[in-house]
Amino acid sequence: NKETRKTKRLLFNIMINKSNLNDFAISEEMYAWLEENLPEGSTILEFGSGTGTIELTKRYTVYSVEQSKEFVGVAPLSTYIHAPLKDGWYDAEIVFDNIPKEYDLLLIDGPGGSNYRNNISKYWDRLNLEVPMLFDDTHRGKELAFAKETAERFNKSIEIIPGHQKTFAVVL
């Protein structure tokens, strides 16, 4: 019932360590969007990880593709795929040999540095684009343009949502 859900949500919000969100991590607002739109237990395939991943793993199954060894293992409950940069993106052979066959959401927050993220577009044909896509850091022009270009290319809707010190895009 509604009262039980409200109590569970309150208890869950107490469990969230907000110091793991915002700044360089995903924002509280992105986390709230996920909470409202992605059922608990769903699988997230994230490109780029950090402290926000710790919070994601409290509700979701998370596969984290990460270029930097120092971020691998930050969230003990995530399944990490360490894929150093190769040809302007993660090492695609490592990525596609290790990602799950099924997932419910793509979270694009890497590779680190805005010069690499849009190179995922070389691999759209190898990813499930029927799931929602979240693009972090769209307060930066290059990331915003890439999110808009992706939505247009695949005839999907896009919503830019303001967050803590930055914005993110939802492409559906």
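**Notebook: helix α5, two cores and some unusual backbone angles**

I started with helix α5, where Gly-141, Glu-152 and Arg-153 are exposed on the side away from its buried residues. Here exposed means over 50% relative accessible area, buried under 20%, and partly exposed in between (1.4 Å probe, protein chains only). Helices (H or I, at least four residues) and strands (E, at least two) are DSSP runs, numbered from the N terminus.

A note on what I am reading: this is a predicted model, in which local features need pLDDT of at least 70 and side-chain atom pairs count only at pLDDT 80 or more, while totals for chains, interfaces and linings use all residues. Residues are numbered from 1 along each chain as its sequence is written, and side-chain values use heavy atoms, with hydrogens and water left out.

**Helix α5**

Which residues of α5 are buried? I found Glu-143, Phe-146, Ala-147, Thr-150 and Ala-151. Looking down the axis, I see these buried residues within an arc of 135°, so they line one face of the helix; the arc is that of the directions from the helix axis to the C-beta atoms. They pack against β7, β8 (158-162) and β9.

I also checked the length of α5: its 13 residues should span 18 Å at 1.5 Å a residue, and the end C-alpha atoms are indeed 18 Å apart. The expected span is 1.5 Å times one less than the number of residues. Just after the helix, Asn-155 has a positive phi of about 55°.

**The cores**

Next I looked up the largest nonpolar core, which has 27 residues; Phe-47 and Leu-127 touch the most other members. Such a core is a set of buried Ala, Val, Leu, Ile, Met, Phe, Trp, Tyr and Cys residues joined through side-chain atoms within 4.5 Å. Among the elements giving two or more residues to this core are β1 (43-47), α4 (92-98), α5 and β9 (167-171). Apart from it I found another core, of 17 residues, with Leu-21, Ile-26, Ile-161 and Phe-168 among them.

Setting aside neighbours within four places in sequence, Leu-127 has contacts that include Leu-45, Phe-47, Phe-96 and Ile-120. Contact means heavy atoms within 4.5 Å.

**Asp-136 and Asp-137**

Is Asp-136, in strand β7, buried or exposed? I see it counted as buried, at 2% relative accessibility. Its side chain makes a polar contact of 3.0 Å with the side chain of Lys-166. A polar contact is a pair of N or O atoms within 3.5 Å; within protein, one must be able to donate a hydrogen and the other to accept it, and residues adjacent in sequence count only if both atoms are side-chain atoms.

Asp-137 sits in the loop between β7 and α5 (141-153). I noted its positive phi, near 65°, and that Asp-137 is buried at 6% relative accessible area.

**Other backbone notes**

Most residues other than glycine have a negative phi, and most peptide bonds are trans. Asp-87, in the loop between β4 (85-86) and β5 (89-90), has a positive phi near 55°, and I found Asp-87 exposed at 62%. The bond from Gly-110 to Pro-111 is cis, with omega near 5°; Pro-111 lies in the loop between β6 (105-108) and β7 (133-136).

**Ser-42**

My last stop was Ser-42, in the loop between α2 (28-37) and β1, which is buried at 9% relative accessible area. Its side chain reaches the backbone oxygen of Pro-39 at 2.6 Å. Ser-42 and Thr-61 are 19 residues apart in sequence, yet their C-alpha atoms are 6.1 Å apart.
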